[in-house]
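Here's a quick tour of a protein chain for anyone new to reading structures. Have a look at the picture first, then work through the notes below.

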Amino acid sequence: MHAIRLEWRRQFASSWRLRLGVFVALGLVSCVFAMFLWWFAGAWLVLPFAGLEIGCVGAAFWWLEQARDDRDQVEISESGVVVSSYRRHRLRRIEFSRGWLSTDLCSSEDGRGPGLRMRQSGRSFELLEFLSVPEQHRALRELRVALASR
């Protein structure tokens, strides 16, 4: 029997090019507005806040880019299950024996919301917290079907 491999990836509603375009446009508008207020109203104090605004938006977009490649992968062989979770350029990996593996939906340990938990013999691994709840239910069904097949 060949190994069954399931993979789920984080999805964003916008591409990095669109985010870059929004960042540049927001930066230009903010700078032009701040320069206008400084030049015509003498409100020089607006300039640092415009820079702070651009910096905060840039930091938020950078944080989103760090999560762009997040994914979870489950590889099921005849005797074992290998679970890999890739978050913000870090890989976590654990192996389970296929026979007594339990899967269920749960709340995440850090309070981020529900996720899928795989556990066996006192060890557990949480994944798929970035999916919506209906997608998590669908992923749980897919996983249980794959685990049941021989």
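How many salt bridges does the count come to? The answer is nine salt bridges. Keep in mind that this is a predicted model. The notes start with charged side chains, then move on to the nonpolar core and the aromatic rings.

**Salt bridges**

- Some background helps here: side chains of opposite charge can pair when their charged atoms come close.
- One of the salt bridges joins Arg-19 and Glu-65, with N and O 2.4 Å apart. Arg-19 belongs to helix H1 (residues 16-41) and Glu-65 to helix H2 (residues 46-66), so this pair ties together parts that sit 46 residues apart in sequence.
- Are the two partners buried or exposed? Arg-19 is buried, because its relative accessible area is 6%, while Glu-65 has 22% and so counts as partly exposed.
- Arg-19 has something else going on: it lies over the face of Phe-12, 5.3 Å from the ring centre.
- Another salt bridge pairs Glu-129 with Arg-87, and their closest N and O atoms are 2.8 Å apart. This pair also links distant parts of the chain, 42 residues apart: Glu-129 is in the loop between strand S7 (123-127) and helix H3 (133-148), and Arg-87 is in strand S3 (residues 80-87).
- Both of these partners are tucked away from the surface by the numbers: Glu-129 counts as buried at 17% relative accessibility, and Arg-87 is buried at 15%.
- Glu-7 and Arg-9 form a salt bridge too, with 3.2 Å between the closest N and O atoms. Arg-9 is partly exposed at 40% relative accessibility, and Glu-7 is partly exposed at 31%.
- Add Arg-5 to Glu-7 and Arg-9, and you've got a network of salt bridges.

**Asp-72 and its surroundings**

- Asp-72 is found in strand S2 (residues 71-76). Its relative accessibility is 0%, so it counts as buried.
- Which side chain does Asp-72 meet in a polar contact of 2.8 Å? That would be the side chain of Arg-87, the residue that also has a salt bridge with Glu-129.
- Leaving aside neighbours within four places in sequence, Asp-72 is in contact with residues including Glu-7, Trp-8, Tyr-86, Arg-87 and Phe-130.
- Tyr-86, from that list of contacts, has a charged visitor: Arg-71 lies over the face of its ring, 4.5 Å from the centre.

**The nonpolar core**

- First, a general habit: in soluble globular proteins, nonpolar side chains tend to be buried together.
- In this model, the largest nonpolar core has 21 residues, and Val-74, Val-81, Val-83 and Met-118 have the most contacts inside it. Several elements each supply at least two residues, among them strand S1 (4-9), strand S4 (90-97) and strand S6 (114-120).
- Which element gives the largest share of this core? H3 does, with five residues.
- Let's zoom in on Val-81: not counting residues up to four places away in sequence, it touches Val-74, Ile-94, Phe-96, Met-118 and Leu-147, among others.

**Aromatic pairs**

- A search of the whole structure turns up two aromatic pairs. One is Phe-36 with Phe-40, a tilted pair with 5.0 Å centre to centre and 50 degrees between the planes.
- Phe-36 and Phe-40 are both in helix H1, four residues apart, which is about one turn of the helix. Phe-36 counts as partly exposed at 46% relative accessibility, whereas Phe-40 counts as exposed at 61%.
- Trp-38 and Trp-39 form an edge-to-face pair, at 6.2 Å centre to centre with 70 degrees between the planes. Why is this one edge-to-face? Because planes over 60 degrees apart count that way.
- Trp-38 is partly exposed at 37% relative accessibility, and Trp-39 is exposed at 63%.

**A last stop in strand S7**

- Glu-126 is found in strand S7, and it is buried because its relative accessible area is 14%.
- Which residue, eleven places along the chain from Glu-126, has its C-alpha atom 6.3 Å away? It's Gly-115.

Conventions:
Residues numbered from 1 in each chain as written. Predicted model: local features only at pLDDT ≥ 70, side-chain atom pairs only at ≥ 80, totals over all residues. Heavy atoms only, no water. Buried < 20%, exposed > 50% of the residue type's maximum accessible area, 1.4 Å probe, protein only. Polar contact = N/O pair within 3.5 Å; in protein donor to acceptor, adjacent residues only side chain to side chain. Contact = heavy atoms within 4.5 Å. Salt bridge = Lys/Arg side-chain N within 4 Å of Asp/Glu carboxyl O. Core = buried A, V, L, I, M, F, W, Y, C linked by side-chain atoms within 4.5 Å. Phe/Tyr/Trp six-rings, centres within 6.5 Å; stacked < 30°, edge-to-face > 60°. Lys NZ or Arg CZ within 6 Å of the ring centre and 35° of its normal.
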